[in-house]
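Grab a pencil and work through these short exercises. Each one comes with a solution in steps.

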Amino acid sequence: MTNAGPIGRPVPRKEDARLLRGRARFVDDVHLDRMLHGVFVRSPHPHAEIGAIDASAALAAGARLVLAADDLPFAGHSFVVRYWHAAIRGGTQPFLARERVRYVGEPVTLVVADDAYRAEDLASLVEVDYRPLESVARIEAAMADGARALHDSWTGNVAARFSYERGDAGRALQRAARRVTHETRFARQIPLPLETRGAVTDFDRSRGTLTVRLSTQAHYNVRENLASLLDLPESAVRVVCEDVGGGFGAKSRCYGEEIVLAEASRVLGRPVKWVEDRRENMLATTHSRGIDVTLELGLSEDGRFEALRATVALDTGAYVFTSGIATGELCGALIPGAYRIPDFSVEVLAVGTNKTPAATYRGAGQPEAALAVETLVDRAARAVGIDAAELRRRNLVRPRDLPYATGTGFGGIGFEFLGGDFPALLDRAIGESGYGETVEVRPDGARIAWGLAGGVDVSGVVNFESARVRIDPSGDVSVHSGMSSQGQGQATAFAQIAAEALGTDIDRVSVAMGDTALLSFGRGAFASRGAIMGGSAVHEAARALRARTLEIAAQLLQDEAGELDIAGGRIVRRSGGDTGLTLDEVARAVAPGGPLFDGGAGLEAETVWRADRPATLAFSVHAARVAVDPETGSVEVVDYAVGHDIGGALNPMIVDGQVAGGAAEGIANALFTEMVFAPDGQPLTLTLADYLAGTAVAVRAPRLIERDTPSPTNPLGIRGVGESAAIAPPAAIWNAVSRAMGWDAAPARIPIAPAALAGRAP
């Protein structure tokens, strides 16, 4: 007898009732006895030397503590980073600025007081002697001869440099019948989570333990850093992230403020809380994007891609974070896209400027790569006189090419396409979306056109994750995961996986995550690894528990385990019929006092699942239809379709929501969002009145066109969806606007500013 199980069904999200009824617990909801509040004094200058720091007035007025760099016992130490790979030339950020500040918003001191309002007032009394220095705010200025060096180790202000090569791109370009050049610029943007960063640190002197509640995607990495930098055993540090109000990559690493706040709690022996306001979040939480690409493509007479040469320049900001360098690295790795290009050369430069440091943001280099290669393909199609869809069809990786090694990689991982039919997905997206390449002109003068773009998503990286699944003596199932969540629906998906494996009702499965006390090891939620890595770990643990449950049941029934199955929370015979034995009875049999108790932990299984293939690649095709007003430059997205090979949906409702949310964010990236800086590095967009985020009114919900080709990289056969839908929208929308406006050779710049369109109709 086989249990149908809940996998593949649109099961309502288990977490929604609590979230929608206001019962979530975010960092600002945490209130502890004797809790104090911290405020960081931040640099108002993009570049300056620091002279004296005088905190006497703040202390005299009631500040409990003021910490500067010289007060930190770990000031000369470095962050622990156990994942992300990059060739970095120094220039990592200090926990608090020492001697020099290099961007507006860099933390200089921490002021602790009895409440947040008083701390804010007292912080204004801290006097810092700043001596302004020349600053650079653009990649070109930073690399110019004579530019002021941000760090001694950054020759020419280049923080890191690496390359990808296959064959001889230079020679192949010389032989090519046609050559097309192109430029793209993806503006600096910010993740902008609804919940800003925040932490409550609580050091218990009597026990020598530290508990930190914070908004993060990587709680185990934060624990590693707290333990290492504060010289504590990891067993004495607990990090909890119960509910996280969005991360989008900004919270996928440990920040210096979290370490400094923990030190303040240790010094004072009292809990200390800090929560960013929105301006602080826009200033000091890492930015992303900010990538310029120049490309040259060589084609045969019939439009076959023969060679590609590209340079990727990442604005890494004032300091390097490994996740920021990884954004440039991943962008470079995906410049060839999903196309067969026998010879290519891609060079990546991470360039320092006097801006907030760059790190990851939804897609992390992948939207920037898609913008580059997919707008290049449209440009090439117009140059050689071939439909853009047909040019893609001729050059996409085909099923007979699989497995297809891209010749690039990330973090020492070589990328491979292992499954799927990319041309078939392209044709389905074209057919179901209604895509065409003619331009319509409405009576009001608006020009309407379609744009097409493909996107490659690298998901499921950092290839270890943990899970424990337990059946307790009541028959209820508990799942503990090393993952965290920012709203993606992991609690529901993991419950579905466990319920299916154990033949029980999903309502009897509870899921806990986001707490380092649950399991000794974990990684967290980033890089679309929730379902692939977290789900696979739950799957493996639940399958192991299922096997053990049937073995114990066989002993109780004097039967063979292979003759038994589980359905509806009961042990049944495969040949048909109920045995009369239930899951709770099996669990009680191995509990202390039970007839089969062997001194173990009861009916549970734990695993650290390792992916043999450390990355799962997915492909999508986006079709955007836009209406452009040539007089005002306004762009309206009138239709949008996403063709995506998801490998299989654990929960179709969650998948639809993730795709809709990702596409909406990508559309907003294409049309609205940009962090603007003055030439000297002063940020100019520090409120939501200036930084234009996408809204439900302004962004159209997409249509989803699915294909399900199981992925061989994981036992569930799935691909990531959390970021994939955000990758191709800027390229698809740019291609649509470019077609509508008749631009054959214009550089692709995101976001698409109305001023760049107004008055430029053909």
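**Exercise 1: an open sheet**

Work out how the open sheet of 3 strands, ordered 23-24-25 with antiparallel pairing, is laid out.

*Solution.* Start with the edges: strand 23 (564–567) and strand 25 (578–582) each have a single partner strand, so one side of each has no neighbour in the sheet. Strands here are DSSP runs of E, at least two residues long, while helices are runs of H or I with at least four, all numbered from the N terminus. Two strands pair if DSSP finds at least two bridges between them.

Next, the twist: neighbouring strands of this sheet are turned by 35 degrees against each other on average, direction ignored.

Now the pairing itself: strand 24 (residues 570–573) and strand 25 run antiparallel, joined by 3 bridges. Ile-571 stands opposite Leu-581 in strand 25.

A word on the source: this is a predicted model, where local features need pLDDT of at least 70, side-chain atom pairs count only at pLDDT 80 or more, and totals for chains, interfaces and linings use all residues. Residues are numbered from 1 along each chain as its sequence is written, and side-chain values use heavy atoms, with hydrogens and water left out.

**Exercise 2: a parallel pair**

Find how many bridges join strand 21 to strand 22, and follow the chain across.

*Solution.* Count first: 4 bridges link strand 21 (residues 477–481) and strand 22 (residues 509–512), which run parallel. For one partnership, take Val-477, whose bridge partner in strand 22 is Val-509. Then trace the path: from strand 21 the chain goes through helix 13 (residues 490–502) to strand 22, a right-handed β-α-β crossover (with the strands pointing away from the viewer, the path from the first strand over the helix to the second runs clockwise).

Notes
Axes fitted to C-alpha atoms, helices over the stretch in contact; angles between N-to-C directions.
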